[in-house]
Amino acid sequence: APEGERQHTRATCPYCGTGCGVIIETRHGQIVDVQGDPDHPANFGRLCTKGSTLHLTAAPAVTQAARLLQPALRTQRDQAPQATTWSTALDHVAQELARIVRTHGPDAIGFYGSGQLLTEDYYVLNKLAKGLVGTNNLDTNSRLCMSSAVAGYKATLGVDAPPACYDDFQHARTLFIVGANTAYAHPILFRRIEGARKANPDQKLIVADPRKTETAEMADLYLPLRPGTDVALFHGLLHIALAEGLIDMAYIEAHTEGFEALRATVADHPPARVADVCGVPEADLLQAARWMGAHTPTLSLYCQGLNQSSRGTDKNATLINFHLATGQIGKPGAGPFSLTGQPNAMGGREVGGMANLLSAHRDLANPAHREEVAALWGVADVPAQPGKTAVEMFEAAARGEIKALWIACTNPAQSLPDQATVRKALETAELVVVQEAFATTATVPYADVLLPATTWGEKDGTVTNSERRISRVRAAQAPSGLARHDWQIFRDVARRLEALMPERRATWRTGTTTLFPYETAEQVWNEHRDSTRGRDLDITGLSYALLEQQGPQQWPMPEGHAQGTARLYTDGRFPTPSGRARFANVPYEPVQDPCTAEFPISLNTGRLRDQWHGMSRTGTLGRLFGHVSEPCIDLHATDLQQRGLAEGDLVEVRSRRGSVIVPVHTSEAQRPGQAFMAMHWGQEVLGGTGPEGQARTGVNALTSPFFCPKSKQPELKHAAVQISPV
Ligand code: SF4
């Protein structure tokens, strides 16, 4: 188009797993506006406050103030990184990685990525780490987000695949939202739920959450369960369903295994006991089970309240138990449905971009799968040793076992729990590479090498949303400064490492001189697509051209299929060895980091409506602070009175790991003995010191490193704290 003419580019919002389509308007090559894409099946033209202000975060003034625009490098820890060229920075990274591998072995390298990387970025990173370097120490901030959902699906249904779709909101007669504040975390999905309720006044909405959130305010039935008691709740609901004849024995017998073993555990959860454990009235438990078991179809929606838990996998699996026992899965309006936190946590799982996964839902523990992937990649092997997950990786770096950390598109110096350990890790590692779009994150000051990356509006590729729908992301303007695409940066280091570590190569693809021959995002995606052939997420029928012509599609979509797949397991067959879904027979166990007389309050963390993660992007816009302008701790009025506190007083919040000072806010959403802090603010605002006096960061000065032993997802929804006036 002639210069100055308006241009419109279809892309996807980068903020949450709803995956809304956007149309970006550019003038003179600069992004000037964004609108919802009326043709995108996730949002039909709607955008929330975050999505509708995206263009403002790409304004030149924001770019100049907040973006990382040039590579930088330091060779002495006591110096600041100096601006350098790309080739110098990339040479340095490759040479240092090769040196550390030679000296300490490949497991001395840790790669830490993000659910905001595009699928193409993820694919090249995974191949670089597991294929070329030869370590499975590749994890991402998706470990903080969806790994319990992954483990829950695999334990029960066989593979990591959400079985339902957004259209099911309007088919359901009962919606059960548990551990999710959809009104804030997935605003456009919440609009769709509101629409479904308006269209169908008979639809029942049950919300289970320790906080009476904006989502809970809309419920027909609110279950204010105590933090961490979800497994007891789900066993209790199944107990009632059994007692009242609401289970579907025909479905259980035809399509599942393990139900008899579960019966005894469920029998041990009568309503009176569950009411006592969960703090929910017995009558409300009965009502919930009756609606979920009889006012069907029933759709369950869940997010971090289930996932961010030291029993996260069991919470997911026992909720799925209820759906299997009542046959509420694989039908319109029915199923367990995890809502993805990040925009592309799903895509990352698809390419196997985590420490225990391999490409296209292959299992690292399976020798045949490792051989398949090594052959696909043309490398000597894929190591068998599982990699270190997010919390484990930083603990290993703090102990000096991991010598190099390469961090891409995420901010662990704010977002990981137990910041004292994270900061020690960043100080102890010999090499810290930070690949980032923004210069303002708390992790940037720890970098020995800074690699500027492109971001929303500048990138090409794909993402997958909560309902398995693959959408295109398209660039609307040129990269800012010297920023490069994440997949290009991984590729360019990989090509250098191929020369330094030739023993890792096994085969060349015909006509190429590198295992990383990609010149476009589409070439990367095509290789990923080929790796899915015959797998549960087969997308061999899909292409960039088809996405262009027919719009976003839901996987699987094997070769020969005209369109994607809305729902899974409609035939009652599951991708397990027996073809049957498996009941999870697991006990209820309370939260770790218990509340005591010294630390009597259970601290919950979560999102606000208008902010995103550590605010590197949303924090650049004043208007997004109109909803909530400063950090605070929400407490019930009783807890203020007991401590002689008034609204707005400053308090010290102290856990077993550190402390912060914040104003207190009286909130009717809180129950006595429970508190809530938003996750978005960091050290700059909250300050605070730990027991040893070192600086700590935001709410994660307080949170605990305990994680689910199955998913390794940390318990960010509960930490025992004390609160005192300052
Ligand atoms: Fe973006 Fe999520 Fe809002 Fe949609 S709901 S506009 S994906 S932040």
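Hi everyone. Before I quote a database, one definition: UniProt positions are given here in the numbering of this chain, feature names are shortened, and annotations may be inferred rather than shown by experiment. Please also keep in mind that this is a predicted model.

With that said, the unreviewed UniProt entry places the feature "domain: 4Fe-4S Mo/W bis-MGD-type" at residues 6–62. What does the chain look like there? Over residues 6–62 it is 12% helix and 35% strand, and the C-alpha atoms at the two ends are 21 Å apart.

Let's take the strands next. There is an open sheet of three strands, in the order β1-β2-β3, with antiparallel pairing. β1 (7–12) and β3 (30–36) are at the edges with a single partner strand each, so each has one side left without a neighbour in the sheet. From one strand to the next, the twist averages 30 degrees. β1 and β2 (residues 21–27) run antiparallel and are joined by six bridges. If you'd like one pair to look at, His8 has Glu25 in β2 as its bridge partner.

Now to the ligand. Its shell holds 14 residues, and the closest are Cys13, Cys16, Cys20, Cys48 and Gly51. Two elements, α1 (49–52) and α8 (187–199), give two or more residues to that shell. For those of you thinking about chemistry, the shell residues divide into eight nonpolar, five polar and one charged.

And why do we say the ligand lies between two domains? Because domain 1 (7–66) and domain 3 (147–339) both contribute residues to the shell around it.

That's my tour, thanks for listening!

Note on methods. Residues are numbered from 1 along each chain as its sequence is written. This is a predicted model: local features need pLDDT of at least 70, side-chain atom pairs count only at pLDDT 80 or more; totals for chains, interfaces and linings use all residues. A residue is near a molecule or strand if its C-beta atom, placed from the backbone, lies within 6 Å of it. Helices (H or I, at least four residues) and strands (E, at least two) are DSSP runs, numbered from the N terminus. Ala, Val, Leu, Ile, Met, Phe, Trp, Tyr, Cys and Pro count as nonpolar, Asp, Glu, Lys and Arg as charged, and the others, Gly among them, as polar. Domain bounds come from an automatic or database domain assignment. Two strands pair if DSSP finds at least two bridges between them. Axes are lines fitted to C-alpha atoms, for helices over the stretch in contact, and angles run from 0 to 180 degrees between N-to-C directions.
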